[in-house]
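The following exchange sets computed values against the definitions behind the terms. Each answer ends with the conclusion that the cut-offs permit.

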Amino acid sequence: MHKGSCLCGTITFAVLAEPKAVTHCHCKMCQKQHGAAFATYASVKREYLHYLSGEAELTSFQSSDSVVRRFCRKCGSNIEWSSEGEYADWPLAILDTPFKPSKIKVIFAGSKADWLDSSHL
Ligand SMILES: [Zn+2]
Ligand SMILES: [Zn+2]
């Protein structure tokens with residue numbers, strides 16, 4: 001089981017299954033939302049993502065027709081990315097328990113930040 005929390009600690013969650021996929025997403029929307037070169041998301045079936053506290057503080061932004069991004073309204077931490085379907089994705093960076101994925105996919109590499117130097121990866 002994995003556990004994670006937002007920056008202010010209001011929202012805590014448990015993930016009750018091993019993530020199905022882990023992705024570095026270099027799309028412009030993830031760059032903007034995370035304020036970072038890219039976002040790293042892990043994906044599990046929604047039934048395995050359990051909020052332990054603070055779910056009422058989650059607020060959401062619909063960033064495209066089918067995508068909703070949920071974040072803590074107190075501290076702004078990104079908590080969940082979901083589109084239509086049975087999976088929920090959450091950023092690996094908010095985990096508090098150790099997890100080292102065996103492989104990570106890279107998507108939207110075409111919009112990789114110019115200032116991202118591979119020596120920093
Ligand atoms: Zn928070
Ligand atoms: Zn993205």
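Buried means under 20% relative accessible area, exposed over 50%, and partly exposed in between, with a 1.4 Å probe and protein chains only. This is a predicted model, in which local features need pLDDT of at least 70 and side-chain atom pairs count only at pLDDT 80 or more, whereas totals for chains, interfaces and linings use all residues. Residues are numbered from 1 along each chain as its sequence is written, chains are lettered from A and ligands numbered from 1 in the order in which they are written, and side-chain values use heavy atoms, with hydrogens and water left out.

Q: Why is cysteine 27 called buried?
A: The relative accessible area of cysteine 27 is 10%, and the term requires a value under 20%. Cysteine 27 is therefore buried. Cysteine 30, at 2%, is buried as well.

Q: What makes certain residues protein donors of the zinc ion (ligand 2)?
A: Donors are N, O and S atoms within 2.8 Å of the metal (3.2 Å for Na, K and Ca); water is not among the atoms, so sites may look incomplete. The SG atoms of Cys25, Cys27 and Cys30 lie 2.1 to 2.3 Å from the zinc ion (ligand 2) and are its protein donors. Along the chain, these donors follow the spacing C-x1-C-x2-C.

Q: Why is the site of the zinc ion (ligand 1) called tetrahedral?
A: Four donors count as tetrahedral if all angles lie between 85 and 135 degrees; four count as square planar and six as octahedral if opposite donors are over 155 degrees apart and all others between 65 and 115; anything else is irregular. The angles among the 4 donor atoms of the zinc ion (ligand 1) are 104 to 113°, and the site is tetrahedral. The protein donors are the SG atoms of Cys6, Cys8, Cys72 and Cys75, 2.3 to 2.4 Å from the ion.

Q: Which of the terms buried and partly exposed applies to cysteine 8, and which to cysteine 72?
A: Cysteine 8 has a relative accessible area of 38% and is therefore partly exposed. Cysteine 72, at 1%, is buried.

Q: How do you know that phenylalanine 108 is exposed or buried?
A: The relative accessibility of phenylalanine 108 is 52%, and exposed means over 50%. Phenylalanine 108 therefore counts as exposed. Its phi is near 55°, a positive value in a residue other than glycine.
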